[in-house]
Every structure is written in C-alpha cells, then in structure tokens.
Amino acid sequence: MSHTEQSFQIPWQGIHHIALATADLDATIRFYRDVLGMVCSGVAPSREGRGRHCLIMVTPDDDNQWGFHFFERPVAKSTLGPSDAYPKSFVPHVALRLPDRAAAHTLRERLHRAQVTVTDTDLGTYVFFDNNDLCLEVTWPEGE
C-alpha cells in the first residue's frame with residue numbers, strides 16, 4: 001500500500017495536548033500568558049513524581065484542543081524519546097484526540113495488529129511509541 005492510499009480512516013479530532021518539561025513552571029506560565037497572550041489553567045500540585053503542572057490553552061474557548069501541558073522538572077531535557085531523566089509517570093508526549101471510546105478501541109486493535117505495544121495510563125487513556133520513539137497518547141471525551 002502506498003503512503004497516499006489508506007484502507008481505513010481514523011477519525012482524528014486534532015491534537016489534544018503536547019506534554020513538555022520545564023525547569024521553571026512559573027517562568028513558563030509568565031512567558032505563555034504574559035508574552036504570547038495564552039490562557040493558563042491553575043497549577044496542579046506535585047504528586048507521585050509528576051511535578052507541578054498546568055495546561056496552557058492556545059485557543060481559550062476550545063474544550064477539545066487544550067494546547068501545551070507543562071510539567072516542572074528540575075533538569076528539563078529537550079528529548080521526546082524515552083529517557084531515564086523522566087520518571088515513569090511522565091514522558092514528554094503528543095496527545096491525539098479521538099471522538100469516542102469506540103474509535104480508541106478500533107485504533108488499539110489496529111496498533112495490536114501492527115505489533116505496536118500499547119500501555120494504559122492512570123488517566124483512562126493509552127500511550128504508544130512511534131518508529132522514532134516519540135510517545136503518542138490517545139485521548140477521547142469522558143463517558144463517550
């Protein structure tokens with residue numbers, strides 16, 4: 001099959017969020033809020049190795065595409081691949097949104113057939129790594 005033809009379409013609904021690490025969450029919030037004019041959520045406290053974190057919405061009124069999810073790390077690396085620098089509870093990743101749980105299940109089956117390892121998260125979503133070791137998370141609306 002060529003890269004231009006597909007026998008199956010996944011109903012993607014855009015990027016939900018991109019998780020990144022920052023050494024100084026307060027400075028990151030000031031930059032994105034005060035310089036770029038984006039909307040920042042409240043700061044969630046550190047728990048179980050996650051570090052303080054917040055969402056920064058590029059488009060404030062869009063509930064489906066949040067934007068950036070910054071996690072505070074004392075030493076933030078720029079790599080997106082698996083790394084010993086990040087605890088297992090956090091890996092920088094790109095979260096992709098699907099319309100519902102059924103579409104997520106269909107994609108999971110497709111990944112399984114392609115022999116891609118899928119790992120469930122404690123948030124009810126799942127993650128997998130692409131061929132470049134980029135972590136991708138699949139998310140969908142709660143209750144859907």
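R52 is partly exposed in this predicted model, with a relative accessible area of 25%. The loop between β2 (39-40) and β3 (53-57) is where R52 sits, and two acidic side chains meet it there. One is D26, whose salt bridge with R52 has its closest N and O atoms 3.3 Å apart. This pair ties together distant parts of the chain, since D26 belongs to helix α1 and lies 26 residues from R52. D26 is itself partly exposed, at 36% relative accessible area. The other partner is E72, which meets R52 in a salt bridge of 2.9 Å, N to O. Here too distant parts of the chain are linked: E72 is in strand β4, 20 residues away from the loop residue R52. With partners shared in this way, D26, R52 and E72 end up in one salt-bridge network. As a general point, side chains of opposite charge can pair when their charged atoms come close.

A search of the whole structure turns up four salt bridges. Another of them joins D34 to R33, with 2.7 Å between the closest N and O atoms. R33 comes out as partly exposed, its relative accessible area being 41%.

Helix α1 (residues 25-35) also holds V35. What does V35 form together with F31 and L36? The three make up a nonpolar patch on the surface, and their accessible area together is about 280 Å². V35 counts as exposed because its relative accessible area is 58%, and the cut-off for that label is over 50%.

F31 turns up again in the aromatic part of the story, where F31, Y32, F68 and F70 form one cluster. The structure holds five aromatic pairs. One of them is Y32 with F70, a tilted pair with 5.2 Å centre to centre and 50° between the planes. This pair bridges distant parts of the chain: Y32 comes from helix α1 and F70 from strand β4 (residues 67-72), with their positions 38 residues apart. Are Y32 and F70 buried or exposed? Both are buried. For F70 the relative accessibility is 5%, so it counts as buried. F70 also pairs with F68; their ring centres are 6.0 Å apart and their planes lie at 40°, so this pair is tilted.

Strand β4 thus comes up in both settings: it supplies F70 to the pair with Y32, and E72 to the salt bridge with R52. Helix α1 does likewise, with Y32 on the aromatic side and D26 on the charged side.

An arginine and a ring meet elsewhere in the model. The charged end of R108 sits over the ring of Y126, at 4.4 Å from the ring centre.

Finally, there is a polar group around H16, a residue of strand β1 (residues 15-22). H16 is buried because its relative accessible area is 3%, and buried means under 20%. Which side chains does H16 contact? One is the side chain of H17, through a polar contact of 2.9 Å. Another is the side chain of R97, joined to that of H16 by a polar contact of 3.0 Å.

How values were computed:
Residues numbered from 1 in each chain as written. Predicted model: local features only at pLDDT ≥ 70, side-chain atom pairs only at ≥ 80, totals over all residues. Heavy atoms only, no water. Patch = residues over 30% accessible without salt bridge, like charges linked within 9 Å, V, L, I, M, F, W, Y side chains within 5 Å. Areas by Shrake-Rupley, 256 points an atom, 1.4 Å probe, with all protein chains shown as cover. Salt bridge = Lys/Arg side-chain N within 4 Å of Asp/Glu carboxyl O. Helix = DSSP H or I, 4+ residues; strand = E, 2+ residues; numbered from the N terminus. Buried < 20%, exposed > 50% of the residue type's maximum accessible area, 1.4 Å probe, protein only. Phe/Tyr/Trp six-rings, centres within 6.5 Å; stacked < 30°, edge-to-face > 60°. Lys NZ or Arg CZ within 6 Å of the ring centre and 35° of its normal. Polar contact = N/O pair within 3.5 Å; in protein donor to acceptor, adjacent residues only side chain to side chain.
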